[in-house]
Amino acid sequence: MAYRRLLLPMTGTAAGEAALATALMVARIWGAHVHCLHVRVDARDVAPLAGEGLSGAMIEEMMAATERESGDRAGRVRALFERFAASAGDVTIAHSAETALKSGGPTLSFESIAGREEDIVAQQSRLYDMAVVPHPEAGEDVSSSDALHAVLFDSGRPVLIAPRVAPATIGTRICCAWNGTAESAAAMAAALPWLHRADARRILYADDYQRRGPKVEGILAYLHWHEIPAEAMQFKPVTKDVGAGLLGAVRDFEADLLCMGAYSHSRLRQLILGGVTRHVLENADVPVLMCR
């Protein structure tokens, strides 16, 4: 098993450029194809404002302005893609499976379409082995990252959250967070290709992190059936913060990939009170493979 098709929701931000570099790094490892998808704002979404008392002329003016701004942003994102592809050197531009498969190496493609980003990205991700998404912007509340959460909750696929700065390596030393939930089990299954090729693997667990489900010994036995050796280590919360303790253990292991389930508690609870998933999304400085 390998990752052959990756979807990258593309933005024109620094975090988006780091995500593109991370996705290409993954593509080089697996000989995969990265489809960069930019979703433009659909000017027709402005039309419902007519019900807010705005005149037809005002609505048309707003739609035209939205169309211009959306087109300008799409042009900047396309230019970023072309600059990146030109500087990559070993990457082929491929818009069909036949071209990609014949290349024998990593390939890229770009598409810009209009619509609601969270809907389109979540639906299109179902046709890919994994989605690679940018890290939430510095200062941005992670709860407002609609595309990220749409992919996590609605795609049925694993999601790789890229760090703010593209890593030097990925998948050589892996930490997996285990708490016995269906989400963590799905993440372990999605990470099997990475775990097979890694040089070192550590399963992280904690009493405060464990939920109702199998203990760490069970997942170690599961990995043994897949001929994957791994060690288990109990981590401690930092000042009662489980997420901080988890990331501290990841740093101690010098991992370059963290694998974990997302939102074992409800997203609303984590939005209000915080939680492990939210802390990791906001503070991780390594790529994070998540499943929901």
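Q: Before we dig in, what does "buried" mean here?
A: Buried means under 20% relative accessible area. Keep in mind that this is a predicted model.

Q: Okay, so which residues of H11 are buried?
A: They are Val276, Thr277, Arg278, His279, Val280 and Leu281.

Q: And how many residues does helix H11 have in total?
A: Eight, running from 276 to 283, and six of them are buried, so the helix is mostly covered.

Q: Zooming out, how much of the chain counts as buried?
A: 50% of its 292 residues.

Q: What about the surface, how big is the accessible part?
A: It comes to about 13700 Å², and carbon and sulfur atoms account for 51% of that.

Q: How many helices and strands are there?
A: The chain has 11 helices and 11 strands.

Q: Which order do the strands take in the sheet?
A: It's an open sheet of 11 strands with mixed pairing, in the order E3-E4-E2-E1-E5-E6-E11-E10-E7-E8-E9. The edge strands are E3 (92-93) and E9 (231-234), and each of them pairs on one side only.

Q: Let's stay at the E3 end. How many bridges join E3 to E4?
A: Two, and these strands run parallel. Isoleucine 93 sits opposite leucine 108 of E4.

Q: Which helices pack on the sheet?
A: Among them is H1 (residues 14-30), which touches strands E1 (5-9), E2 (33-40), E5 (130-133) and E6 (159-161). The direction of H1 makes about 180 degrees with that of E1. Helix H4 (residues 117-125) packs on the sheet too, touching E1, E2, E4 and E5. For H4, the angle to the direction of E2 is about 160 degrees.

Q: New topic: where is threonine 107?
A: Threonine 107 is in strand E4, which covers residues 107-114.

Q: Is that threonine 107 buried or exposed?
A: Buried: the relative accessible area of threonine 107 is 0%, and the cut-off is under 20%, so threonine 107 falls in that class.

Q: What does the side chain of threonine 107 make a polar contact with?
A: With the side chain of histidine 33, at 2.6 Å.

Q: Which other residues is threonine 107 in contact with?
A: Leaving aside neighbours within four places in sequence, threonine 107 is in contact with Ala32, Val34, Val91, Thr92, Ala94 and Ala100, as well as His33.

Q: Last one, back to the whole chain: what share of contacts comes from residues 24 or more positions apart?
A: Counting contacts with a separation of 6 or more, those residues account for 79%.

Technical notes
Residues numbered from 1 in each chain as written. Predicted model: local features only at pLDDT ≥ 70, side-chain atom pairs only at ≥ 80, totals over all residues. Heavy atoms only, no water. Buried < 20%, exposed > 50% of the residue type's maximum accessible area, 1.4 Å probe, protein only. Helix = DSSP H or I, 4+ residues; strand = E, 2+ residues; numbered from the N terminus. Contact = heavy atoms within 4.5 Å. Areas by Shrake-Rupley, 256 points an atom, 1.4 Å probe, with all protein chains shown as cover. Polar contact = N/O pair within 3.5 Å; in protein donor to acceptor, adjacent residues only side chain to side chain. Pairing = 2+ DSSP bridges. Axes fitted to C-alpha atoms, helices over the stretch in contact; angles between N-to-C directions.
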